[in-house]
Amino acid sequence: MKIIKSILAATVVAAGMSTAANAEVRLGLDSSNYEPFYSRSADGNWTGWEIEIGDALCAAMQEDCVWVPIAWDGIIPALTAKKIDAILGSMSITEERKKTINFSDKYYNTPAALIAPKGLSIESIDDLKGKKIGVQVSSTHSNYVEKYLSDGTDVKIYQDFNDHNQDLFAGRVDAVVADSLALAPFLESAEGSCCEIKLQLNDEEVFGIGVGAGIRKEDTDLLAKFNAAIAQIRADGTYDEISKKYFNFDIYGGSN
Amino acid sequence: MVWDWLPEYLPKFVDGLWVTLQLFSLSIFFGFLLAIPIGLVQVTGPKWLGHIARGYCTLFRGTPLLIQLWLLYYGLGSVFPYYPGLRESFIWPILVEAFPYAVVAFSLSVAAYEGHVMKGAFQSVPKGELQAGRAFGMSNFTLLRRVWLPRALQNVLPTLAGEAVLTLKSVPLASTITIFGVYGVGSIVRQETYRVYEPLLFVGFIYICLTGLIVVLFRWLENRVPSESQL
């Protein structure tokens, strides 16, 4: 309880300070760590991919920004109550949330990946005919496999994410479809060194649009600024430069 | 109660039922075949074989079936990559499938439980009947086939029915190694429709029907074997 209170107090102080400054754009993010996107380092500063992207966006918009940590379940109310001006905390764009707030264009969408043993040659999903594919039960990934790969492949459904990785290592499945980010630690492990990312899978209908900046409905100017800034850092290479430090795959997901 | 998902998933449930029934009947079949010698050697000897059989029963009845299943499936699986030749061998297509592992694990478990039952069953047949059989000049095998085994089974059929029902209800464990029986399909429905009660109740309903079927089947078997009073 004490911790929550002190976070709340810090939030109020931070919000109060930035209201006084007023010219600043206050970027809200979850007060708990979400690595590698954002986390608080030992000296109290926020670091991570999303922090660097956010700072780059602010530089592109020529605005001064301040990061405001807020408990996740109160982050949309904090936005509508004008305690913050934008949510930049890995918030997925959903129809439900769109009823309350606006979203900028997506700035990332962790792609799904198909991983397979290094020796296997897979150029496209057509090369998977006759192969065994492991997915986790009732995930967006199993929906993808059902949509595109149910013909001519043997789909094995696992209860647990780690189990299909185990069976990929054992050779019982030829490929696994899962989230790139979630797969990264496995691919770096000794067992996962058998395998590599063969395909990056994108389908907005199955996997969702991605993550955008949450902005108040009435702040259409700010929304336009964010969209322009996202386009700018995508175009001038800032986005890729930052992303390369954190991910060995295309975090933006998709080509648009 | 909302049941509108049922028509959509019914074909999957039919597939699942087939998987459940296959796993159940194969395990009971192989398990029982193993149970007979396991029970018998504990009564007839040789002593060292009896000790092994007893140790086997203790080990398999004393550890969770889920752990046996995982040790067999994931345990063996984790060893495969260290034998590269295995992937080219004729046995690989079988090693890749999950179903054979489930049948082996379930059969070994059934053998342990029913082996223990059969030991008691063999012991309970009066010595006089066996001696009578020998007096007729029956060989050991004929004696077992004609007298000892039928008489032993007669005594324990109700117990075996109970064991069979327990085995049936262990089948959902196989969903952890990608074998989606009735329970597995139920869990897919649960996670796709966000309904909790209806799919679980439906799965429960299917299981109670199957249990009823097993009970009826064993009762029919019991009636075919003449009891003491009918002799």
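This report walks through chain B, its contact with chain A, and one tryptophan of chain A in a predicted model.

## Chain B: helices throughout

Let's start with chain B, which has nine helices and zero strands. Follow the sequence from start to end and you will read the pattern α-α-α-α-α-α-α-α-α. Its C-alpha atoms fill a box of roughly 65 × 50 × 30 Å along the principal axes.

Chain B has 231 residues, and 29% of them count as buried. Now look at contacts in chain B between residues with a separation of 6 or more: 78% of these come from residues 24 or more positions apart.

## Where the two chains meet

How many residues does each chain bring to the contact? Chain B supplies 15 residues and chain A supplies twelve residues. On the side of chain B that touches chain A, the elements giving two or more residues are α3 (65-79) and α8 (182-193). Of these, α8(B) gives the most, with four residues.

You can also sort this side of chain B by class: six residues are nonpolar, seven are polar and two are charged.

## A closer look at Trp46(A)

Over in chain A, Trp46(A) sits in strand β3, which covers residues 46-47. Is Trp46(A) buried, exposed or partly exposed? Trp46(A) has 18 other C-beta atoms within 10 Å, so this residue is partly exposed: a buried residue would need 20 or more, and an exposed one would have 12 or fewer.

Leaving aside residues up to four places away in sequence, Trp46(A) touches Tyr38(A), Arg40(A), Ile51(A) and Trp67(A). Asn33(A) is 13 residues from Trp46(A) along the chain, and their C-alpha atoms are separated by 9.1 Å.

Notes:
Residues are numbered from 1 along each chain as its sequence is written. Chains are lettered from A and ligands numbered from 1 in the order in which they are written. This is a predicted model: local features need pLDDT of at least 70, side-chain atom pairs count only at pLDDT 80 or more; totals for chains, interfaces and linings use all residues. Two residues are in contact if their C-beta atoms, placed from the backbone, lie within 7 Å. Ala, Val, Leu, Ile, Met, Phe, Trp, Tyr, Cys and Pro count as nonpolar, Asp, Glu, Lys and Arg as charged, and the others, Gly among them, as polar.
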